[in-house]
Amino acid sequence: MCLHEEIEDLTGFRIYFCDPHSPWQRGTNENTNGLLREYFPKDTNLSRYTPRDLAQVARQLNERPRYVLGDRTPAEAMRDWSTALAHD
């Protein structure tokens, strides 16, 4: 993330670096890990899944509304951001 300042300037997103061994600082990451565990329990061998299977899980997660995004889905939030960026 050596270019984090430039990424912040380009996107308007603030980048935050969490302290090691502090999961309470990584709420979205920890929540996503929990959602992934619904599909892939701990110690699941992902090589059993095809790229299509994994893409389907990604699509389902990206279409799931998130409180942190104002009840928008990640796909909607990214689409809104991309549209706003295109008009700037």
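Which residues in α2 meet Val57, Gln60 and Leu61 in α3? In this predicted model, the residues of α2 that do so are Leu35, Leu36 and Tyr39, and the views below begin with these two helices before turning to the cysteines.

**View 1. The contact of helix α2 with helix α3.** On one side of the contact stand Leu35, Leu36 and Tyr39 of α2, and on the other side stand Val57, Gln60 and Leu61 of α3. Sorted by kind, the residues of this contact comprise 5 nonpolar and 1 polar, with no charged residue among them.

**View 2. The packing angle of α2 and α3.** Helix α2, which covers residues 27-39, packs with helix α3, which covers residues 51-62, at an angle of about 130°, and their axes lie 11 Å apart. The two helices, α2 and α3, are therefore oblique to each other, and their crossing is right-handed.

**View 3. The surroundings of Cys2.** The count of disulfides in the model comes to 0. Cys2 takes part in no disulfide, since the nearest cysteine sulfur, that of Cys18, is 18 Å away, whereas a disulfide calls for a pair of cysteine sulfur atoms within 2.5 Å. With a relative accessible area of 75%, Cys2 is exposed.

**View 4. The surroundings of Cys18.** Cys18 is likewise in no disulfide, and the nearest cysteine sulfur to that of Cys18 belongs to Cys2, 18 Å away. The relative accessibility of Cys18 is 29%, and Cys18 therefore counts as partly exposed.

Terms used: Residues numbered from 1 in each chain as written. Predicted model: local features only at pLDDT ≥ 70, side-chain atom pairs only at ≥ 80, totals over all residues. Heavy atoms only, no water. Buried < 20%, exposed > 50% of the residue type's maximum accessible area, 1.4 Å probe, protein only. Axes fitted to C-alpha atoms, helices over the stretch in contact; angles between N-to-C directions. Helix = DSSP H or I, 4+ residues; strand = E, 2+ residues; numbered from the N terminus. Parallel < 35°, antiparallel > 145°, perpendicular 65-115°, else oblique. Left-handed = near helix turned anticlockwise from the far one by under 90°. Contact = heavy atoms within 4.5 Å. Nonpolar A, V, L, I, M, F, W, Y, C, P; charged D, E, K, R; others polar.
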